[in-house]
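The following exchange is intended for a reader who wishes to examine a model through its computed geometry. Please inspect the sequence and the coordinates before reading on.

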Amino acid sequence: MNNVLQLVRDILENEKITTEEQLQLNKICELEDKFVKDFSKEKWKEYFDLDIEKGQLHSLEIDHVIEITFEICKKLFI
């Protein structure tokens with residue numbers, strides 16, 4: 001299973017971002033810039049800590065989706 005997770009991560013890392021994804025990323029960046037423009041040094045640290053934890057949760061969610069997909073494919077094709 002770990003090999004499958006790593007393979008999917010590698011493929012995702014090497015894929016190019018779509019136009020739709022880029023537009024959404026731009027929108028998020030604009031909103032984020034507006035939101036954090038007056039942050040103090042301490043607030044920036046708190047915000048980065050929060051962002052790291054959200055990223056970790058997102059990674060766990062992706063891993064779970066991959067595991068479910070892998071199990072479904074095993075049942076269908078093996």
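The questions and answers below concern a predicted model.

Q: Which pattern does the secondary structure of the protein chain follow along the sequence?
A: In this predicted model, the protein chain contains three helices. The number of strands is zero. Read along the sequence, the pattern is therefore α-α-α.

Q: What radius of gyration does the protein chain have, against that of a compact globule of 78 residues?
A: The C-alpha atoms occupy a box of roughly 55 × 30 × 15 Å along the principal axes. A compact globule of 78 residues would have a radius of gyration near 12 Å. For the protein chain the value is 17 Å.

Q: What percentage of the 78 residues in the protein chain is buried?
A: The protein chain exposes about 7200 Å², of which carbon and sulfur atoms supply 60%. A residue counts as buried when its relative accessible area is under 20%. Among the 78 residues, the buried share is 6%.

Q: How far apart do the centres of the positive and negative side chains lie?
A: The protein chain carries 11 positive side chains and 18 negative ones. Each of the two sets has a centre, and the distance between these centres is 3 Å.

Q: Which class of aromatic pair do Phe35 and Phe39 form?
A: The structure holds seven aromatic pairs. In the pair of Phe35 and Phe39, the ring centres are 5.5 Å apart and the planes meet at 70°. An angle over 60 degrees counts as edge-to-face, so the class of this pair is edge-to-face.

Q: Why is the pair of Tyr47 and Phe48 classed as it is?
A: The ring centres of Tyr47 and Phe48 lie 6.5 Å apart, with the planes at 55°. Planes under 30 degrees apart count as stacked and those over 60 as edge-to-face. Because 55° belongs to neither class, the pair is tilted.

Q: Which residues do ring pairs link into a cluster, and which of Phe35, Phe39, Tyr47 and Phe48 is buried?
A: Ring pairs link Phe35, Phe39, Trp44, Tyr47 and Phe48 into a cluster. Phe35 is exposed at 55% relative accessibility, while Phe39 at 22% and Phe48 at 46% are partly exposed. With a relative accessible area of 15%, which is under the 20% limit, the buried residue is Tyr47.

Q: How many disulfides does the structure hold?
A: A disulfide is a covalent bond between the sulfur atoms of two cysteines. Cys29 is partly exposed at 33% relative accessibility, and Cys73 is partly exposed at 34%. A disulfide requires a pair of cysteine sulfur atoms within 2.5 Å, and the number in the structure is zero.

Q: What distance separates the C-alpha atoms of Gly55 and Val65?
A: Gly55 is placed in helix α3, which covers residues 41–77. Its relative accessible area of 34% makes Gly55 partly exposed. Gly55 and Val65 are 10 residues apart along the chain, and their C-alpha atoms are separated by 15 Å.

Q: How far apart in space are Lys45 and Leu12, C-alpha to C-alpha?
A: Lys45 lies in helix α3 and is partly exposed, at 47% relative accessibility. In sequence, Lys45 and Leu12 are 33 residues apart. In space, their C-alpha atoms are apart by 29 Å.

Methods: Residues are numbered from 1 along each chain as its sequence is written. This is a predicted model: local features need pLDDT of at least 70, side-chain atom pairs count only at pLDDT 80 or more; totals for chains, interfaces and linings use all residues. Side-chain values use heavy atoms; hydrogens and water are left out. Helices (H or I, at least four residues) and strands (E, at least two) are DSSP runs, numbered from the N terminus. The radius of gyration is taken over C-alpha atoms; the globule rule is 2.2 Å times the number of residues to the power 0.38. Buried means under 20% relative accessible area, exposed over 50%, partly exposed in between (1.4 Å probe, protein chains only). Accessible areas come from the Shrake-Rupley method with a 1.4 Å probe; for residues, only the protein chains shown count as cover. Lys and Arg count as positive and Asp and Glu as negative; His and the chain ends are not counted. The place of a charge is taken as NZ of Lys, CZ of Arg, CG of Asp or CD of Glu. Rings of Phe, Tyr and Trp (its six-membered ring) pair if their centres lie within 6.5 Å; planes under 30 degrees apart count as stacked, over 60 as edge-to-face and the rest as tilted.
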